[in-house]
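Welcome! Here is a short guided look at a protein and the two small molecules that come with it. Take a moment with the picture first.

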Amino acid sequence: MKVDVLLGLQWGDEGKGKIVDVLTPEYDYIARFQGGPNAGHTLEFDQKKFVLHTIPSGIFRDNVLNVIGNGVVIDPVVLKIEIEKLIAVGIPVKERLIFSKKAHLILPSHRLLDAASETAKGKNKIGSTLKGIGPTYMDKTGRNGLRVGDILEPDFKAKYDALVEKHVGILKHFEGFEFDLSELEGPWMEGIEFMRQFTIVDSEHYINKVLKSGKSVLAEGAQGTMLDIDFGTYPFVTSSNTITAGTCTGLGVAPTKIGKVIGIFKAYCTRVGSGPFPTELLDEVGEKIRQEGREFGSTTGRPRRCGWIDIPQLKYAIMINGVTELSMMKADILSVFDTIRICTHYNVNGNITDEFPFSICDQSIEPIYKDVSGWNCDLTELNSYDNAPKELKQYVSLLEELLEVPITIVSVGPDRSQTLITKH
Ligand code: GDP
Ligand code: IMO
Ligand code: MG
C-alpha cells in the first residue's frame, strides 16, 4: 500500500483537521509528519468541537491508530493537557496513539528562546506562535536535540541538563530578557513521565511494515505550503517542510510509496502572523470575510488576515506537492458576496505572470482579478453537490480549469456532516 497525504496549500488553517476526520474511516492509520503545537486543527461533530495541536485528527474514530512521526516536535506539557482533555471525554487515547522514538522534544527553554528571538526581531518579527518550534528544529539540525527515545534512557536527565545549560548561555545574550526556567521545569518533567506510559516505537520500521501488510495510511500535514521552510514566503515561514516531501522525511517512507496527494484550500485565503500576502484585503471586505469566517487563530486566537483566492499561489503549491485532488473549504462564507474575485495573475513591476516570484517580500505585487457572480444563498444545509447553486458549480469548474486538478470535496460548514463530495 501507499501513503496518501493531505496537506494545506495556503498559509495554514485551511481546514485540514476537518477533512482528515471526514476521511479517517477510509484508513487504518493517520500520521502526523511535521510541525508541532504551533498547529491547531479543529474538528466538529455531534455538536462538539475539538482543537488538536499534536495529536493526529484520526483520534476520535474507532479502529484507527494514530502515529506521531519522527518529523514532529512535541511539547510534553501541551501534549499532556491535550491527551487529558480527550481522555476526559472518553477517548481511549493510550490504545490509539503511537510515538516515534525519533520525534524531537520541545524544552521549556526552547519556548523562552522563541520568545527572546521574536522580541529581538522587533518590527521584523515572524509572528511565531511562540511554542518553541523554531529553536527546537534549530537544535535538531544543529545536532543538539533531545528525542522521544532519549526519555527511555538512563542518562536522559544529564542530556536534558546539558542542553538547558547551552540554552541559558544563549538566553543571557538577549539583553533585558528576563526568565524563570525553574517554574516551567516541573510541569515539563511531569509531561515526560506521562509520555513514558505510551507506545514508543521505531516508527519508520513500524509504518513500512504496516504498508507491507496491506494497511492504509493517511499522512496529515500541519501548517501550509506557503509556510514551508524551503518554498514558503521565507523568512516568514515555519521551520519544517510542510510539503509532500516532508512526508518522506517525517515518517520514513520512500517517495515511491506516496499515493494520492490531497491539497486543501479555502475558497478565499487567510494568513496569520507576519509576511507577504498578495491578495490581502485591508478594507471592509477583508473584515467581512474575517467576521463571517470567524477567522481567528485556533492556537493563538489572533485575528487572521483575509483576502481573495490566489491562483498563482495555489498553482505553485500544487506543483511543489504533486497534488492529485483538491478539497475546497468554507464555500459557505462567500455566500454573503454578490461578486467574488479570483486573482488569476500578478503584475510584478509591469510583468504579467501567473508564476509565484522568488522575492515576494521585496517586490510590489499587484493582483489581477477576474470577477465572478456569487451564489448569495445559504449552503450550510446542502446535502448533495447536485443541489448546489449553479454559481457555486461555476466557481468550482473555473478553479478546476485554472488549477488543472479536480476538486473532489466542497466543504460548506465546520461540521463533519457539512461536506459535499463532487465526484467519486
Ligand atoms: P486547520 O489548521 O487546517 O485544521 O484549520 P483550523 O482548524 O485552524 O481552521 C479552520 C476553521 O474553519 C475551523 O474553525 C473549522 O471548524 C472551520 N471550518 C472548516 N471547514 C469549514 C467550512 O467549510 N465552513 C465553515 N464555515 N467553517 C469551516
Ligand atoms: P495549522 O496546522 C497558521 C505561522 C505563525 C507564524 C509562522 C511561524 O493550524 O494550519 P512558528 O510558531 O511555526 O515558528 O510560526 O507560521 N503558523 C501557522 N499559521 N496555521 C498554522 O498551523 C501555523 N503554524 C505556524 O503564525 O506566522
Ligand atoms: Mg489551524
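## Two ligands and a sheet

An oxygen atom of ligand 1 sits 2.5 Å from an N or O atom in the side chain of S411; a polar contact here is a pair of N or O atoms within 3.5 Å, where within protein one must be able to donate a hydrogen and the other to accept it, and residues adjacent in sequence count only if both atoms are side-chain atoms. The protein covers 93% of the 590 Å² of accessible area that ligand 1 has on its own (areas come from the Shrake-Rupley method with a 1.4 Å probe).

Before going further, please note that this is a predicted model, in which local features need pLDDT of at least 70 and side-chain atom pairs count only at pLDDT 80 or more, while totals for chains, interfaces and linings use all residues. Residues are numbered from 1 along each chain as its sequence is written, chains are lettered from A and ligands numbered from 1 in the order in which they are written, and side-chain values use heavy atoms, with hydrogens and water left out.

Around ligand 1 there are 20 residues, of which K16, T42, S298, D332 and S411 come nearest; a residue is near a molecule if one of its heavy atoms lies within 4 Å of it. Ligand 2 also has 20 residues around it, with D13, K16, H41, T129 and T238 nearest. Here are some polar contacts of both ligands.

| Ligand atom | Protein partner | Distance |
|---|---|---|
| oxygen atom of ligand 1 | polar side-chain atom of D13 | 2.9 Å |
| oxygen atom of ligand 1 | backbone N or O atom of K330 | 3.0 Å |
| oxygen atom of ligand 2 | polar backbone atom of G40 | 2.9 Å |
| oxygen atom of ligand 2 | N or O atom in the side chain of H41 | 2.7 Å |
| oxygen atom of ligand 2 | polar side-chain atom of R302 | 2.9 Å |

Taken alone, ligand 2 exposes 550 Å², and the protein buries 97% of that.

Now for the fold. The protein has 12 helices and 20 strands, counted as DSSP runs (helices are H or I of at least four residues, strands E of at least two) and numbered from the N terminus. Ten strands form an open sheet with mixed pairing, in the order β9-β7-β5-β2-β10-β1-β11-β15-β19-β20; two strands pair if DSSP finds at least two bridges between them. Its edge strands, β9 (199-201) and β20 (419-421), each pair on one side only. Inside this order, β2 (residues 29-32) runs parallel to β10 (residues 217-220), joined by 4 bridges, and R32 stands opposite E220 in β10.
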